[in-house]
Amino acid sequence: MTEPNSADRPSFWHGTERVVNGIAQELCTLDDGVAWFTSLPPARRQEVLHEAGLYAMQAHITASDGRAGVARSGVKPTANPSVMICMDPPRYGFSGLPADEHVTAFRVLVCVFAVADTRRRQTYCKNSCGHAWHNLPRPTEAP
Ligand SMILES: [Zn+2]
């Protein structure tokens with residue numbers, strides 16, 4: 001018996017990058033991601049927020065991606081993380097938010113990233129691209 005998620009995958013596939021991109025590409029749900037996030041110790045949550053902020057930055061999110069992502073996240077538009085991500089340019093200091101806002105910050109960040117990254121996959125990356133994180137194996141795919 002082999003575990004489909006642990007067999008010969010580089011460590012690349014674990015952690016923030018995997019979860020954030022998994023949600024963006026609908027390989028797992030936002031709730032799965034939030035469950036993973038809340039299982040982490042507080043210090044690690046801050047690292048994840050910092051990392052996820054870098055991915056959002058690299059995805060070149062716009063203020064309209066921010067609004068669309070906030071709507072998708074289910075977080076109130078007046079919450080601190082929602083306000084920060086909708087700024088032009090967005091503010092990324094999510095890991096500096098109080099601990100009780102880390103889960104909402106994670107939801108907002110991941111959803112906004114998903115909006116921007118989906119657009120990129122449908123345009124620039126259409127058909128094929130060399131981004132490793134855009135070529136994640138599907139969970140149901142045979143080896
Ligand atoms: Zn790509």
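Is Arg-107 buried, partly exposed or exposed, and what is its relative accessible area? In this predicted model, Arg-107 is partly exposed, with a relative accessible area of 22%. That residue offers a convenient way into the structure, since the salt bridges, the helices and the zinc site can be taken up in turn from there.

The overall fold comes first. The protein chain contains six helices and zero strands, and its elements run α-α-α-α-α-α from the N terminus on. Of the 143 residues in the protein chain, 41% are buried. Among contacts with a separation of 6 or more, 64% are made by residues 24 or more positions apart. The protein chain exposes about 8100 Å², and 54% of this area is supplied by carbon and sulfur atoms.

A search of the whole structure returns five salt bridges. One of them pairs Arg-107 with Asp-31, where the closest N and O atoms are 4.0 Å apart. This pair links distant parts of the chain: Arg-107 belongs to helix 6 (residues 102-122) and Asp-31 to helix 2 (residues 30-38), with the two positions 76 residues apart in numbering. The two partners fall into separate accessibility classes, because Arg-107 is partly exposed at 22%, whereas Asp-31 is exposed at a relative accessible area of 52%.

Salt bridges also occur around Arg-44. Its side chain meets that of Glu-47 in a salt bridge with an N to O distance of 3.0 Å. Both residues lie in helix 3 (residues 42-58), three residues apart, or about one turn of the helix. The general geometry is helpful here: an α-helix has 3.6 residues a turn, so residues three or four places apart point the same way. Arg-44 also forms a salt bridge with Glu-51, for which the closest N and O atoms are 3.8 Å apart. Through these shared partners, Arg-44, Glu-47 and Glu-51 are joined into one network. Each member counts as partly exposed, with relative accessibilities of 26% for Arg-44, 43% for Glu-47 and 24% for Glu-51.

Helix 1 gives a picture of burial. Eight of the nine residues of helix 1 (residues 16-24) are buried, so this helix is largely enclosed by the rest of the structure. The buried positions are Thr-16, Glu-17, Val-19, Val-20, Asn-21, Gly-22, Ile-23 and Ala-24. These buried residues pack against helix 2, helix 3 and helix 6. Just after helix 1, Glu-26 adopts a positive phi of about 60°.

Helix 6 also holds His-102, which is buried with a relative accessible area of 4%. The side chain of His-102 reaches the backbone oxygen of Leu-97 at 2.8 Å. Leaving aside residues up to four places away in sequence, His-102 touches Phe-37, Arg-45, Gln-46, Leu-49, Phe-94, Ser-95 and Leu-97.

Another position of interest is Met-87, placed in the loop between helix 5 (80-85) and helix 6. Met-87 counts as partly exposed at 33% relative accessibility. Its C-alpha atom is separated by 8.1 Å from that of Gly-66, a residue 21 positions away along the chain.

The last site to describe is the zinc ion. Its protein donors are Cys-125 (SG), Cys-129 (SG), His-131 (ND1) and His-134 (ND1), which lie 2.0 to 2.3 Å from the metal. Along the chain, these donors follow the spacing C-x3-C-x1-H-x2-H. The arrangement is tetrahedral because the four donor atoms subtend angles of 104 to 119° around the zinc ion, and four donors count as tetrahedral if all angles lie between 85 and 135 degrees. Accessibility separates two of the donor residues: His-131 is buried at a relative accessible area of 15%, while Cys-129 is partly exposed at 22%. The cut-off explains this split, because buried means under 20% relative accessible area.

Terms used
Residues numbered from 1 in each chain as written. Predicted model: local features only at pLDDT ≥ 70, side-chain atom pairs only at ≥ 80, totals over all residues. Heavy atoms only, no water. Helix = DSSP H or I, 4+ residues; strand = E, 2+ residues; numbered from the N terminus. Buried < 20%, exposed > 50% of the residue type's maximum accessible area, 1.4 Å probe, protein only. Donors = N, O, S within 2.8 Å, 3.2 Å for Na, K, Ca; no water. Tetrahedral: all angles 85-135°; square planar, octahedral: opposite > 155°, others 65-115°. Contact = heavy atoms within 4.5 Å. Areas by Shrake-Rupley, 256 points an atom, 1.4 Å probe, with all protein chains shown as cover. Polar contact = N/O pair within 3.5 Å; in protein donor to acceptor, adjacent residues only side chain to side chain.
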